[in-house]
Amino acid sequence: MAGCVTLEARLVDHFLSANKRDGSDEIRMEHAVSIARQRGKDVCARWLLRALHNILRPFGELLNYFVATPTADPPAFIYVRPPRSVISPHSQLIHGYQLRSPLSLPRRRAMACSCAHGVVFDANLLRNSALEDGLAGWAPLGACTKLSAHEEEPANVPTETINEVADDYKPSGRYILAAGRACEEDGLCQAIPGGALKPRVTYRVAGWISLGDGMAKVDGAGDAVVRINIRLGGDGEEGVEEEKCLVVEGGAVCAEAGKWTEIKGVFRLKPSPMLSGAAAVHVQGAPAGVDVKVMDLQVFAVDRKARFKKLKKKTDKVRRRDVVLKFADAGSSSAVSGASIRVMQMDQSFAFGACINPAVIQDPNFVDFFTKHFDWAVFENELKWYHTEAVQGQLNYADTDALLDFCDRYGKPVRGHCIFWAVDNMVQKWVKALDNDQLTAAVQGRLTSLLTRYAGRFPHYDVNNEMLHGSFFQNKLGDDINAFMFKETSRIDPGAALFVNDYNVEGGMDPNATPEKYIAQINALQEKGAPVGGIGLQGHVTNPVGEIICDALDKLATTDLPIWLTELDACETDVDLRADDYEVVLREAYAHPAVEGVVFWGFMQGHMWRQDACLINSDGTVNDAGERFINLRREWTSHARGNIDCDGNFKFRGYHGSYVVQLATATGKMHKVFSVEKGDTPLVLDMDV
């Protein structure tokens with residue numbers, strides 16, 4: 001299709017008039033497409049649907065009458081004739097409305113606005129995002145705020161986005177400047193048609209934010225947090241009492257002057273009467289007097305199922321390999337040709353684990369699920385300093401030893417979490433009371449006591465937990481203390497991989513925990529000689545979006561360090577949505593070549609730090625989220641049956657891991673064990689029979 005289509009209002013007129021003329025309840029979009037082509041417009045049904053949604057978006061009631069059936073071939077986009085009371089007030093308003101470029105916003109590779117249960121995916125709910133009609137639809141927040149439209153210098157327009165867009169996509173370069181802001185609540189907003197936002201749907205907030213004049217006047221600050229909120233109720237108006245409104249966080253960026261920062265916002269709404277009323281998107285934040293710039297702001301529903309299909313293809317490339325099992329040389333193949341063969345995967349190279357504590361290992365239901373479905377363990381609190389030395393000088397490793405014995409019994413390796421914790425409120429009171437010399441000695445004592453006792457027992461250590469969100473030891477002992485912790489850990493227990501570990505990095509909603517800031521922290525540690533051996537993403541997720549997670553993984557992978565999700569839980573009361581949330585994270589992690597494992601931060605109801613995140617109920621029954629996890633593990637396990645070919649070979653494609661092969665011949669059965677490792681070429685193995 002042509003890159004830019006001009007679709008005039010007369011096409012909509014033809015579309016609506018045809019609906020009236022034949023009196024039917026439905027008109028297939030192919031009819032409108034044929035009208036368009038008769039007028040010399042090379043417009044496919046997919047583009048037309050997108051364009052019509054843009055045209056009709058200001059008239060929300062009409063928009064509600066579009067339905068799509070994307071599984072049809074070709075996709076059938078249907079307009080259901082609304083009651084005359086809906087058409088009449090708006091049909092005249094549509095006349096004369098011209099959409100100059102329906103493709104001016106990011107063109108996602110899917111190109112079609114698929115639909116499920118009345119939700120149109122990837123269709124922007126905001127009008128005039130690219131400012132093709134000036135400031136139409138946009139309003140200032142704050143009595144002193146002034147909005148103006150501007151064009152960015154071409155060299156400064158962003159060139160990359162995490163969204164799935166066409167290869168030739170470029171942002172519009174047009175932006176709104178909000179100037180004269182008197183407080184942090186001032187900014188800009190746009191109304192969202194009533195009923196456009198649906199419950200139980202994951203929405204993305206996308207676009208770019210920058211800062212203008214005024215930032216230089218803020219003492220010691222080179223950046224500022226700008227937030228995007230979704231406001232429901234109160235007719236979307238500013239100043240309405242908070243109890244009459246529902247304000248949902250839709251995104252936050254750490255914006256800078258002279259640089260565009262991409263918004264990676266996400267939100268999901270629970271069923272509420274407020275959803276049928278007015279709503280609005282608000283852009284606020286940054287100190288008073290600082291100008292805020294907004295480019296191509298969008299709000300759209302995420303099509304998770306479409307993403308899953310792409311990840312399956314990516315997974316096949318990243319986690320599977322062609323295998324050729326050779327059972328005979330060319331000259332002796334007749335002895336085994338046609339023999340029955342069975343290949344079974346015993347375990348995977350990719351690790352799945354869960355956290356445990358002394359209470360849960362006493363529950364038979366917990367133990368049964370854990371031993372069947374997880375390969376690794378991590379202790380919830382029992383290795384932390386505040387647990388092993390709650391009182392100065394009184395060391396207590398009894399719980400740690402008991403949990404290690406349990407894991408040894410079932411053959412589960414254990415991540416060491418954690419040696420230190422950088423966040424102030426996670427440091428014992430007696431440690432906080434020490435002077436600097438005493439604290440230095442205590443740090444050394446902790447390292448020596450723990451690491452000599454358990455040398456070689458923990459393959460991983462989280463050395464100083466959550467350094468993006470806390471700096472207790474650094475504030476007390478100086479900038480070199482974090483690197484010292486890594487170096488001393490490596491000296492005492494050289495076989496362990498030493499991890500940084502933090503939260504919110506994969507979510508895109510925490511300005512303090514961006515992938516860029518995490519990478520800068522890792523680089524600073526390495527420059528001081530710290531042997532950083534891995535990156536931990538905790539994964540305490542809410543409303544996860546695959547593209548945002550993948551963006552974080554891609555950036556962190558540039559460090560060439562292995563990545564683990566170390567504390568995964570997805571908090572959602574609706575267990576069906578929780579299952580979807582877990583699938584989003586697990587598929588993204590499993591499909592990414594830099595990720596080596598995922599550890600859940602619990603899985604049983606009543607035994608989790610975050611409630612409403614469980615995979616199994618308190619009585620041991622597996623819920624929908626648990627079934628989804630089990631099914632994914634089953635999907636990622638390879639088994640094959642067949643017969644040896646005339647050349648004495650058996651070929652299959654399998655996931656990385658260890659296998660056993662059973663060969664049945666006239667003389668009996670033979671078993672062999674082999675492994676499938678990463679590789680781009682077929683793995684040829686001589687079975688030596």
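In this predicted model, Glu572 has a relative accessible area of 8% and is therefore counted as buried, the cut-off for that class being under 20%. The residue is placed in the loop that runs between strand S25 (563–570) and helix H16 (575–591). Its side chain makes a polar contact with the side chain of Arg268, at a distance of 3.0 Å. When the neighbours within four places in sequence are set aside, the residues in contact with Glu572 are Arg268, Lys270, Leu577, Arg578, Asp581 and Asp612, so that Arg268 appears both in this list and as the partner in the polar contact.

A second buried residue, Gln190, lies within strand S9 (residues 187–192). Gln190 counts as buried because its relative accessibility is 3%, and the class takes in values under 20%. The side chain of Gln190 reaches the backbone nitrogen of Arg127 at 2.6 Å. Apart from neighbours within four places in sequence, Gln190 is in contact with Leu126, Arg127, Gly137, Trp138, Ala279, Ala280 and Val281. Between Gln190 and Ile230 the separation is 40 residues in sequence, while their C-alpha atoms are 10.0 Å apart in space.

The strand that holds Gln190, S9, belongs to an open sheet of 5 strands, which follow one another in the order S6-S9-S14-S11-S12 with antiparallel pairing. The edges of this sheet are formed by strand S6 (138–141) and strand S12 (246–256), and because each of them has a single partner strand, one side of each is left without a neighbour in the sheet. On average, and with direction ignored, neighbouring strands of the sheet are turned by 25° against each other. Within the sheet, strand S11 (residues 223–232) and strand S14 (residues 279–285) pair in the antiparallel sense over 7 bridges, and Leu232 stands opposite Ala279 in S14. Ala279 is also one of the residues in contact with Gln190. As a general point, the side chains of a regular strand alternate between the two faces of the sheet.

Another antiparallel pairing joins strand S16 (residues 320–326) to S28, again described by its bridges, of which there are 7. In this pairing, Phe650 in S28 is the bridge partner of Leu325. Strand S28 (residues 649–655) is mostly covered, since 5 of its 7 residues are buried, that is, they have a relative accessible area under 20%.

Definitions and conventions: Residues are numbered from 1 along each chain as its sequence is written. This is a predicted model: local features need pLDDT of at least 70, side-chain atom pairs count only at pLDDT 80 or more; totals for chains, interfaces and linings use all residues. Side-chain values use heavy atoms; hydrogens and water are left out. Helices (H or I, at least four residues) and strands (E, at least two) are DSSP runs, numbered from the N terminus. Buried means under 20% relative accessible area, exposed over 50%, partly exposed in between (1.4 Å probe, protein chains only). Contact means heavy atoms within 4.5 Å. A polar contact is a pair of N or O atoms within 3.5 Å; within protein, one must be able to donate a hydrogen and the other to accept it, and residues adjacent in sequence count only if both atoms are side-chain atoms. Two strands pair if DSSP finds at least two bridges between them. Axes are lines fitted to C-alpha atoms, for helices over the stretch in contact, and angles run from 0 to 180 degrees between N-to-C directions.
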